[in-house]
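Hi,

Here is the structure I said I would pass on. Have a look at it first, and then read my notes below.

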Amino acid sequence: MVRRGSHPRLSVILVVEGSPSYAMRALESIQNQDLYDLQIVVVCRDAAPGVRHSLQVAADRDIHIDLINVEDAKRSACLRAGFAASRGSQIIAMNADEWFAPQSLSKMVDTACDTAADIVFPTVSLDRYDAHRERHSRVLDAASIVIEDKSSMVTGLPQLILGGLVAQVSGVMYSRPLFEACLSHGKAYRTVEFMAYALSQARCVFGLGDACSTRRHLSLQMPLIPPCMPGYPMTSERSTSLQTHSRKQIAVVGSSWQAKSSTLPDWSPASRICV
């Protein structure tokens, strides 16, 4: 069911696929925010009956929730269906493996309103649980991210890339026109290429240290594992892989900015910026 007729400040698109055990925690973290002018679009695809029932009960009790089903198997179908059902002037898309700390959304919306930012990054906590159920976290601090003009691009882009935030596409707040442009551009969501295009089109980018999202990671792929995380010692092979990955991200994001402004420095892999 999709409710029409209102234009909230923020629409959160929550994509639920399969039988994620944290789906309700993700939804409740949005419901428990102090932002009332909010729409929650829950997009289900192949959701387990138990998960689907819990989401339906929540939608029946909360007028802020719009619950829709998607059968299209295409990778971007859920996100596009969620955006089509959204009505907010700001957009956040997230999966069921992440959740927000209290008051985070209102702070992000207020920042977007006060600064006219097209993109607002929250601080991100990447959580991984080992075989002994011990949690290992890496915090990507967004507190000092400010890109307002060409001079701040030169310092802000390396900070985004080397700090890891450029890879955290979901959980980020985008202005509605920018998010729509990114979808129309055809870049796959949750990729560096998607964020690169978003950054190249954004007029103003801000980060918040006191707005936080947490993401649970089961994957052990290199880009998600920081060098200092317990249980993953820094070997020469790992160091080389991390450096190569960071240089590739610099090249992808930097080339998008160069297309926007020819006055920016060289951001190619062979440039002077290294890690």
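What follows is a short tour, going from one helix to the strands and then to a few single residues.

Before you start, keep in mind that this is a predicted model.

Let's begin with helix α6, which covers residues 176-185. Which of its residues are buried? They are Leu178, Phe179, Cys182 and Leu183. Looking down the axis of α6, you'll see these buried residues fall within an arc of 135°, so they line one face of the helix. Turn to the other side of α6 and you'll find Pro177 and Ser184, which are exposed. Just after the helix comes glycine 186, with a positive phi near 90°.

What do the buried residues of α6 pack against? Two helices, α3 (77-85) and α7 (192-201), and the strands β4 (90-95), β6 (119-129) and β9 (173-175). Cysteine 182, from that buried face, has a relative accessible area of 1%.

The contact with α3 is worth a closer look. Two packed helices are described by the angle between their axes and the distance between the axes. For α3 and α6, the axes come within 12 Å and cross at roughly 145°. The crossing is left-handed. On the α3 side, the residues involved are Leu79, Arg80 and Phe83, and they meet Arg176, Phe179, Glu180 and Leu183 of α6. Phe179 and Leu183 turn up here again, having already been listed as buried in α6.

Now to the strands, with β4 as the starting point. Five of the six residues in β4 are buried, so you can think of this strand as mostly covered. Strand β4 pairs with β1 in the parallel sense, over six bridges. As an example, leucine 14 has methionine 94 in β4 as its bridge partner. β4 also pairs with β9, this time in the antiparallel sense and over three bridges. There, isoleucine 91 stands opposite tyrosine 174 of β9.

Serine 11 is a good residue to click on while you're in this area. It sits in β1, which spans residues 10-17. Is serine 11 buried or exposed? Serine 11 is buried, with a relative accessible area of 0%. If you leave aside its neighbours within four places in sequence, serine 11 is in contact with Gln39, Ser86, Arg87, Gly88, Gln90, Ile91 and Ile92.

On to the cysteines. How many disulfides are there? The count comes to zero, taking a disulfide as a pair of cysteine sulfur atoms within 2.5 Å. Take cysteine 44: the nearest cysteine sulfur belongs to cysteine 78 and is 8.6 Å away, so that cut-off isn't met. Cysteine 44 is buried too, at 2% relative accessible area.

Last, two backbone spots you may want to find in the loops. Glutamine 103 has a positive phi of about 70°, although it is not a glycine. It lies in the loop between β5 (98-100) and α4 (104-115), and at 41% relative accessibility it counts as partly exposed. The other spot is alanine 116, also not a glycine, with a positive phi near 60°. You'll find alanine 116 in the loop between α4 and β6. Its relative accessibility is 52%, so alanine 116 counts as exposed.

That's the tour. Enjoy looking around!

Cheers

Definitions and conventions:
Residues numbered from 1 in each chain as written. Predicted model: local features only at pLDDT ≥ 70, side-chain atom pairs only at ≥ 80, totals over all residues. Heavy atoms only, no water. Buried < 20%, exposed > 50% of the residue type's maximum accessible area, 1.4 Å probe, protein only. Helix = DSSP H or I, 4+ residues; strand = E, 2+ residues; numbered from the N terminus. Arc of directions from axis to C-beta. Contact = heavy atoms within 4.5 Å. Pairing = 2+ DSSP bridges. Axes fitted to C-alpha atoms, helices over the stretch in contact; angles between N-to-C directions. Left-handed = near helix turned anticlockwise from the far one by under 90°.
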